[in-house]
Amino acid sequence: MQLRMSSIPLMLDYVSGLRTHPGDRETVRKLFAHEDYQFELRRYEISSAEHLIDYFSRLNTILPDEIPDLSDNHRKNHLREKHRQWLDCIGNPQKYYDRYERLKAFFTDDFLADMQERLTKMFPKGTEMIPDPSVVSTLSFGRSFGYPGEGAIHLDLFGVEEHCSMEDLPRTVLHEMHHMQAFKMAGDSDGFYSGFSLLERYIIGFAWEGLAIKFCNNAEGVISRRLEPDHEPNICAPSVPVLNRHFAEHFQLFCDTVRKIKAGTLTEEEMERQQSDYWMNPYLYGKEPLDQTAIYSFGNELYGCVYDHFGLDAVYECFYHPARLISCFNRTNCGWSIPE
């Protein structure tokens with residue numbers, strides 16, 4: 001595993017200079033040509049960085065109403081949400097220089113070996129594990145703290161020690177590595193989904209985040225138990241307790257959707273709209289965004305409950321054959337039942 005952090009001191013040098021010098025578009029343009037910021041632009045599906053270049057060239061003087069949208073999807077307001085952090089970076093650059101040094105020192109050979117050993121135990125015996133990925137860290141312009149993509153995992157330095165403590169950081173690293181391993185097991189996404197029915201595509205949508213928080217964040221749901229009872233639940237997953245309070249609502253929607261799909265009265269477009277507007281909506285329960293959306297907590301309930309009762313092999317049987325999750329879940333006798 002290699003650590004890529006070289007954009008951070010470059011950005012910090014620029015931002016700290018804004019205390020005494022005006023912003024400079026060409027300097028910002030060079031910053032966004034860095035491979036790690038190019039990685040971020042692709043992650044947020046941003047084809048042109050011009051609006052970001054304008055924002056960062058006026059970072060210390062821009063008015064709140066002039067802050068542009070990040071992109072045209074549900075992450076569009078993130079520049080406004082993070083503006084306070086960027087202003088703090090201008091005023092307290094040493095805090096972020098120090099954080100950068102601590103994060104760099106964190107990724108020792110022993111740490112990386114421990115991550116690989118722990119990850120291996122989360123998958124069935126004999127699974128071909130991913131080769132060592134890159135860990136990319138930036139001072140991010142997007143809202144996501146961590147995510148996988150292109151053979152790497154990303155960590156936003158703003159979130160380290162704020163969203164997630166340095167001690168809890170291994171959970172986040174594992175969470176994103178779990179995604180990468182699951183994607184590797186699925187192989188080509190078009191091929192993986194091609195044989196699935198609409199019902200199976202609906203069910204498998206809950207597996208990716210649900211399994212990751214189950215195995216990596218010690219997630220505790222309403223019916224899914226945490227794996228490590230002696231450790232705090234929901235580590236680096238602070239929204240899970242909020243979402244747990246809405247479990248009955250989530251379960252009702254899931255069951256209603258299963259019925260409609262089986263009856264042929266729900267289209268694929270309607271299913272995808274439900275996923276984006278409900279399950280993946282960070283503003284589902286108010287103006288303050290959730291750190292995790294409902295697809296995380298409910299995925300943990302579905303697949304985590306199966307794991308608690310039947311173990312790892314049963315979970316991955318349901319991963320490769322999603323329709324089997326319904327009968328497997330119902331056999332747990334957890335007090336909740338999905339229509340078969």
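**Close-up A. The lining of the second largest pocket is made by R118, K121, M122, R171, L174, K214, F215, C216, N218, L227, E228 and Y307.** As in every view here, what you see is a predicted model. The space in this pocket, the second largest, comes to about 210 Å³. Which helix gives the largest share of the lining? That is α11, with three residues. Helices α8 and α11 each supply at least two lining residues. Sorted by class, the lining has six nonpolar residues, five charged ones and one polar one.

**Close-up B. A disulfide joins C164 to C236, with the sulfurs 2.2 Å apart.** A search of the whole structure turns up one disulfide. C164 sits in the loop between β4 (152–156) and α8 (169–186), while C236 belongs to the loop between α11 (207–216) and α12 (240–244), so the bond ties together parts that are 72 residues apart in sequence. For those who like to check handedness, the torsion about the S-S bond is about 40°, so this disulfide is right-handed. Are the two cysteines buried or exposed? Both C164 and C236 are buried.

**Close-up C. Here are two cysteines without a disulfide partner, C255 and C318.** Why does C255 have no bond to C334? The sulfur of C334 is the closest cysteine sulfur to that of C255, but it lies 10 Å away, which is too far for a bond. C255 counts as buried, because its relative accessibility is 4%, under the 20% limit. C318 is in no disulfide either; its nearest cysteine sulfur, in C328, is 4.2 Å away. That distance is not within the 2.5 Å needed for a disulfide. C318 is buried as well, with a relative accessible area of 1%.

**Close-up D. W86 and F158 meet edge-to-face.** Their ring centres are 4.8 Å apart, and the planes make an angle of 80°. The pair links distant parts of the chain: W86 is in helix α5 (residues 78–91) and F158 is in the loop between β4 and α8, 72 residues apart. W86 is buried at 0% relative accessibility, and F158 is buried too, with a relative accessible area of 1%. If you follow the ring pairs outward, you can trace a cluster that links F32, Y37, F39, Y44, Y55, F56, W86, Y96, F141, Y147 and F158. In the structure as a whole, there are 39 aromatic pairs.

**Close-up E. F192 and Y193 form an aromatic pair.** The planes of the two rings stand at 80°, with centres 5.5 Å apart, so this pair is edge-to-face. How accessible is each partner? F192 is buried, with a relative accessible area of 11%, whereas Y193 counts as partly exposed at 27% relative accessibility.

**Close-up F. Helix α3 (residues 35–43) has D36, Y37, F39, E40 and L41 among its buried residues.** Of these, Y37 and F39 also belong to the cluster of ring pairs. R43 lies over the face of Y44, at 4.6 Å from the ring centre, and Y44 is another member of that cluster. Look just past the helix for E45, which follows α3 and has a positive phi, near 55°.

**Close-up G. R331 places its charged end over the ring of F310.** The distance to the centre of the F310 ring is 5.5 Å.

Technical notes:
Residues are numbered from 1 along each chain as its sequence is written. This is a predicted model: local features need pLDDT of at least 70, side-chain atom pairs count only at pLDDT 80 or more; totals for chains, interfaces and linings use all residues. Side-chain values use heavy atoms; hydrogens and water are left out. Helices (H or I, at least four residues) and strands (E, at least two) are DSSP runs, numbered from the N terminus. Buried means under 20% relative accessible area, exposed over 50%, partly exposed in between (1.4 Å probe, protein chains only). On a 1 Å grid over the protein atoms alone, a cavity is a set of points where a 1.4 Å probe fits but cannot get out, and a pocket is an open set with protein on both sides within 12 Å along at least five of seven lines; lining residues have an atom within 4 Å of a point. Grid points are joined across faces, edges and corners, and a volume is the space filled by probe spheres set on the points. Ala, Val, Leu, Ile, Met, Phe, Trp, Tyr, Cys and Pro count as nonpolar, Asp, Glu, Lys and Arg as charged, and the others, Gly among them, as polar. Rings of Phe, Tyr and Trp (its six-membered ring) pair if their centres lie within 6.5 Å; planes under 30 degrees apart count as stacked, over 60 as edge-to-face and the rest as tilted. A charge sits over a ring if NZ of Lys or CZ of Arg is within 6 Å of the ring centre and within 35 degrees of the ring normal.
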